[in-house]
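Hi everyone, thanks for coming. Today I'd like to walk you through a structure that will be new to most of you, so please have a look at it with me.

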Amino acid sequence: MKKSIIFGVSLLSISLYGSEIMYSSSVKNLFETSDSTTRKGRLLPTSEVKILEKKGNRVKIEMEGFMKSGVSTAIYFVKGKRILVAGISKSGNFDIKKISSSKDENAVVWEKVVLTAYTKNSNLTKDLDSLYSNAKELFKNNCSICHPAHPVNEFTANQWPSMFKAMVNRTAIQKQDRYLVTQYLQKHAKDMKGE
């Protein structure tokens, strides 16, 4: 009887989190197993993850993205643009499944992949819009002190990181929020319409 109750509670907790879509609200460490202590990757803010199960203070997650063929240390939001979803250590041994392969407009081969990893069950939200609103306010309130703020659609997704990095040290944007703002700018860039 006791075993069946424990099994039922375990099954219920897995089903409560199973396939739930969440978004990272900060840079988060990625681990290979539920009890690993060594970080083997990092998940960036606004990245979509599917919660597969919860174990203690960790969650097993799955994320989709694109890897440039031959490069196994970065997963990108879309092919051909440097919008990071996750960075992976060269020594990382994650479960990465290849879904498909295609070329971008420059004939570079990209593989659509699904990565499975573990992370702490914190700084995850269902509300992507509030993350973007927060980033938009940080950008608007800090990047218009010296000059009018650039429109978000003024630069491409690949141009925004260097533009933002060149100016961010002159602002009050905290280090932990810089990736959030960069992700917002890149995902709303002039070449990201409909992505």
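I'll start with the overall layout, then go to the helices, a few single residues and the cysteines.

Before that, a word on the source: this is a predicted model, so local features need pLDDT of at least 70 and side-chain atom pairs count only at pLDDT 80 or more, while totals for chains, interfaces and linings use all residues. Residues are numbered from 1 along each chain as its sequence is written, and side-chain values use heavy atoms, with hydrogens and water left out.

So, the layout. The protein has four helices and ten strands. By helices and strands I mean DSSP runs, H or I of at least four residues for a helix and E of at least two for a strand, numbered from the N terminus. Reading from the N terminus, the order is α-β-β-β-β-β-β-β-β-β-β-α-α-α.

How many of the 195 residues count as buried? The share is 39%. Buried here means under 20% relative accessible area, exposed means over 50%, and partly exposed is in between, with a 1.4 Å probe and protein chains only. As for contacts, meaning heavy atoms within 4.5 Å, consider those in the protein with a separation of 6 or more: 62% of them join residues 24 or more positions apart.

Now to the helices, beginning with H4, residues 175-187. Its buried residues are Arg178, Leu180, Val181, Thr182, Gln183, Tyr184, Leu185, Gln186 and Lys187. What covers them? The cover includes strand S7 (84-88), H2 and H3.

Let's take the two helix partners in turn. Helix H2, residues 128-142, crosses H4 at roughly 100°, and the two axes come within 9 Å. That makes H2 roughly perpendicular to H4. A note on terms: axes are lines fitted to C-alpha atoms, for helices over the stretch in contact, and angles run from 0 to 180 degrees between N-to-C directions. Angles under 35 degrees count as roughly parallel, over 145 as roughly antiparallel, 65 to 115 as roughly perpendicular, and the rest as oblique.

On the H2 side, the residues that meet H4 are Leu131, Tyr132, Asn134, Ala135, Lys136, Leu138 and Phe139. On the H4 side they are Asp177, Leu180, Val181, Tyr184, Leu185 and Lys187. Sorted by class, this contact has nine nonpolar, one polar and three charged residues. For those classes, Ala, Val, Leu, Ile, Met, Phe, Trp, Tyr, Cys and Pro are nonpolar, Asp, Glu, Lys and Arg are charged, and the others, Gly among them, are polar.

The other partner is H3, residues 160-168, which packs against H4 at an angle of about 140°, with the axes 9 Å apart. H3 and H4 are therefore oblique to each other. Here H3 brings Trp160, Pro161, Phe164 and Val168, and H4 brings Arg178, Val181, Thr182, Leu185 and Gln186. By class, the contact of H3 with H4 has six nonpolar, two polar and one charged residues.

Let's move on to single residues. Tyr76 sits in strand S6, residues 74-76, and is buried, at 17% relative accessible area. Which residues does Tyr76 touch, leaving aside its neighbours within four places in sequence? They are Gly65, Phe66, Lys81, Arg82, Ile83, Leu84, Val85 and Trp110.

Asn93, in the loop between S7 and strand S8 (95-103), is exposed at 63%. Its C-alpha atom is 9.8 Å from that of Thr33, 60 residues away along the chain.

Two more loop residues deserve a look for their backbone. Thr46 is not a glycine, yet has a positive phi of about 70°. You'll find Thr46 in the loop between strand S3 (41-43) and strand S4 (48-55), where it is buried at 3%. Asn123, also not a glycine, has a positive phi of about 55°. Asn123 lies between strand S9 (109-120) and strand S10 (124-125), and is partly exposed at 44%.

Last, the cysteines. How many disulfides does a search of the whole structure find? Zero, where a disulfide is a pair of cysteine sulfur atoms within 2.5 Å. Why does Cys143 form no bond? Because the closest cysteine sulfur, in Cys146, is 9.2 Å from its own, too far for a bond. Cys143 is buried at 12%, whereas Cys146 is exposed at 67%.
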